[in-house]
Amino acid sequence: MLEQDKRRETRTAAAVPLYFNNGKGVTDDVSATGVFFWTESPADFAVGDQIKFTLVISGSATTATSECSGKIVRVLTRHTPKGVAVELFHPALRRFVE
């Protein structure tokens, strides 16, 4: 039986660079309330940890940044790079994905 999808918002595939304390990554998908990203950072990520990061969203004529914070809800460590899923504390990305 497949695990029930717990996502509240529709995800959008997007490769957006992000930067966090002593590391960087790139998103795989984003929603108004969550982000999944890949990183080669040696940092330890654990479910339940809080994380702060900055997304850098570039358009044809402008670049915007979004300061985000959230809780890590899933970590994929069997992959290189590793994958990290974050539930955002505030729907900071709503203006970018709707």
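**Exercise 1. Give the order of elements along the chain.**

From the N terminus on, the order is β-β-β-β-β-β-β-α. The model is predicted. Count by type: the protein chain has seven strands and one helix.

**Exercise 2. Describe the chain as a whole: burial, surface and contact range.**

Start with burial. The protein chain has 98 residues, and 34% of them are buried. Turn to the surface. About 6600 Å² is exposed, with 49% of it supplied by carbon and sulfur atoms. Finish with contact range. Take contacts between residues at least 6 apart in sequence: 49% of these join residues at least 24 apart.

**Exercise 3. Locate the largest nonpolar core and trace the contacts of Phe53.**

Step one: size. This core has 15 residues. Step two: its best-connected members. Leu18, Val35, Phe37, Phe45, Ile51, Phe53 and Val86 have the most contacts inside it. Step three: contributing elements. Two or more residues each come from strands S2 (17-20), S4 (34-39), S5 (50-58), S6 (63-76) and S7 (82-88). Step four: Phe53. Beyond its neighbours within four places in sequence, Phe53 contacts Leu18, Tyr19, Phe20, Val35, Ser66, Glu67, Cys68, Val86 and Leu88.

**Exercise 4. Decide whether Lys52 is buried or exposed, then list its contacts.**

Place the residue: Lys52 lies in strand S5. Read the area: its relative accessible area is 67%. Apply the cut-off: exposed means over 50%. Lys52 is therefore exposed. Now the contacts. Leaving out residues up to four places away in sequence, Lys52 touches Tyr19, Phe20, Asn21, Cys68 and Ser69. Last, a distance. Lys52 and Glu67 are 15 residues apart in sequence, and their C-alpha atoms are 7.5 Å apart.

Methods:
Residues numbered from 1 in each chain as written. Predicted model: local features only at pLDDT ≥ 70, side-chain atom pairs only at ≥ 80, totals over all residues. Heavy atoms only, no water. Core = buried A, V, L, I, M, F, W, Y, C linked by side-chain atoms within 4.5 Å. Buried < 20%, exposed > 50% of the residue type's maximum accessible area, 1.4 Å probe, protein only. Helix = DSSP H or I, 4+ residues; strand = E, 2+ residues; numbered from the N terminus. Contact = heavy atoms within 4.5 Å. Areas by Shrake-Rupley, 256 points an atom, 1.4 Å probe, with all protein chains shown as cover.
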